[in-house]
2 protein chains.
Amino acid sequence: MTSQRRVVAEVLDGEHVHYTADEVHARASERLPEISRATVYNTLGELVSLGEVIEVATDGRAKRYDPNAHHPHQHLVCSNCGTIRDVHPAGDPLADLPAAERFGFTVSQVEVTYRGLCPSCA
Amino acid sequence: MTSQRRVVAEVLDGEHVHYTADEVHARASERLPEISRATVYNTLGELVSLGEVIEVATDGRAKRYDPNAHHPHQHLVCSNCGTIRDVHPAGDPLADLPAAERFGFTVSQVEVTYRGLCPSCA
DNA sequence: TCCTACGATGGACAGAATCCAAGTCAAGAA
DNA sequence: TTCTTGACTTGGATTCTGTCCATCGTAGGA
């Protein structure tokens, strides 16, 4: 655990945090000005491998990093401003895929992204 | 409707087609060698705006374009080789998000991505 | 103290997508 | 027929995101 890694972990702390790697880098730089982008990417990659952080790709742009990894949830995204909320749908989305629709795949994971307009943009 | 646009539309015709912009460009170039990448991107963007084609971002890499836009479906992706299948879950995934979990959003769309290993990779 | 190994650094690089100025083309007007 | 206009295409430059790699620094062990 180096100071760089601690700062990255601290930036990714809180509720409804979904920063891009660049945003993490910007915030980490406020506390540790010389931290490099490569270190942020390396640390994020390690946190993802450790299962402490989830990678989210809600658009075709930059991946976002979600520290809420220990509580299964899905995402609700504003199509206009990009705001992301963690949400908890009823039921198990995985169970909704019938065996006949699995084509022999061993399905292990499901990601659900709800899209719409947030109150401010509506 | 120009020859360039027609060729792009023709490339995106068929079942289970999920090409990247570059793959569309490569296939379009076979029929119209001088077609430029910019034109392919422009045309794909128009087709998406018109609702004729769906943009799919199943990984952090290039977006894919799915011409099966008029039949609601979701995607099943092999985590290893990237193969994509169109699938049809039971029920309406949109209905699984309770009002209390919508936070005032007007939710209009849902994307579900199932992940696992395809028969060849398992 | 010196070595070693791991992590950090920053610049180069690569892939995807967009932007932009210039060129091309076709249809309608004169 | 020739000109004008506007839409479309082109290709190169640029931006954005992410990865790679050679080098550097540093902490801990011998």
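This briefing covers two protein chains, their contact with each other, and the surfaces they present to two DNA strands. The model is predicted. Chains A and B superpose with an RMSD of 0.4 Å, after a rotation of 178° and a shift of 0.1 Å along the axis. The two copies are thus related as by a two-fold rotation axis. Residues of both chains come near DNA strand C, and residues of both chains come near DNA strand D.

**Chain A: overall layout**

- Chain A has three helices and six strands.
- In sequence order, the elements of chain A run α-β-α-α-β-β-β-β-β.
- The C-alpha trace of chain A spans about 55 × 40 × 25 Å along its principal axes.

**How the two chains meet**

- The contact joins 35 residues of chain B to 35 residues of chain A.
- On the chain B side, strand 4 (74-78), strand 5 (84-87) and strand 6 (106-117) each supply at least two residues.
- Strand 6 of chain B gives the largest share of that side, with twelve residues.
- By class, the chain B side has 19 nonpolar, nine polar and seven charged residues.
- Superposing chain B on chain A takes a rotation of 178°. Both copies use the same surface: 97% of the contact residues of chain B recur in chain A.
- B:Val112 is the residue of chain B that comes closest to the rotation axis, with its C-alpha at 2.3 Å.

**Surface near DNA strand C**

- There are 19 residues around DNA strand C.
- The nearest of them are A:Thr2, A:Gln4, A:Ala38, A:Thr39 and B:Lys63.
- From chain A, helix 1 (3-11) and helix 3 (37-49) each supply at least two residues of this surface.
- From chain B, helix 2 (21-31) and helix 3 (37-49) each do likewise.
- The surface near DNA strand C divides into six nonpolar, seven polar and six charged residues.

**Surface near DNA strand D**

- There are 20 residues around DNA strand D.
- Which residues come nearest to DNA strand D? They are A:Lys63, B:Thr2, B:Gln4, B:Ala38 and B:Thr39.
- Helix 2 (21-31) and helix 3 of chain A give two or more residues each, as do helix 1 and helix 3 of chain B.
- Helix 3 of chain B gives the most to this surface, with four residues.
- By class, the surface near DNA strand D has six nonpolar, eight polar and six charged residues.

**Helix 1 against helix 3 in chain A**

- The axes of helix 1 and helix 3 of chain A lie 10 Å apart, and the helices pack at an angle of about 65°.
- Helix 1 and helix 3 of chain A are therefore roughly perpendicular to each other.
- Their crossing is right-handed.
- Helix 1 of chain A brings A:Gln4, A:Arg5 and A:Val8 to the contact. Helix 3 of chain A brings A:Thr39, A:Val40, A:Thr43 and A:Leu44.
- This contact has three nonpolar, three polar and one charged residues.
- A:Gln4 and A:Thr39 thus appear twice in this briefing: they take part in this helix contact, and they are among the residues nearest to DNA strand C.

**Helix 1 against helix 3 in chain B**

- The axes of helix 1 (residues 3-11) and helix 3 of chain B come within 10 Å and cross at roughly 70°.
- That makes helix 1 of chain B roughly perpendicular to helix 3 of chain B.
- The crossing of helix 1 and helix 3 of chain B is right-handed.
- B:Gln4, B:Arg5 and B:Val8 in helix 1 meet B:Thr39, B:Val40, B:Thr43 and B:Leu44 in helix 3.
- The contact residues are three nonpolar, three polar and one charged.
- B:Gln4 and B:Thr39 belong to this helix contact, and they are also among the residues nearest to DNA strand D.

**Helix 1 against helix 2 in chain B**

- Here the axes of helix 1 and helix 2 of chain B come within 9 Å and cross at roughly 120°.
- Helix 1 of chain B is therefore oblique to helix 2 of chain B.
- This crossing is right-handed.
- B:Val7, B:Val8 and B:Val11 from helix 1 meet B:Val24, B:Arg27, B:Ala28 and B:Arg31 from helix 2.
- The contact of helix 1 with helix 2 of chain B has five nonpolar, no polar and two charged residues.
- B:Val8 takes part in the contact with helix 2 and in the contact with helix 3.

Technical notes
Residues numbered from 1 in each chain as written. Chains lettered and ligands numbered in written order. Predicted model: local features only at pLDDT ≥ 70, side-chain atom pairs only at ≥ 80, totals over all residues. Near = placed C-beta within 6 Å. Nonpolar A, V, L, I, M, F, W, Y, C, P; charged D, E, K, R; others polar. Least-squares fit on C-alpha atoms with pLDDT ≥ 70 in both. Contact = placed C-beta atoms within 7 Å. Axes fitted to C-alpha atoms, helices over the stretch in contact; angles between N-to-C directions. Parallel < 35°, antiparallel > 145°, perpendicular 65-115°, else oblique. Left-handed = near helix turned anticlockwise from the far one by under 90°.
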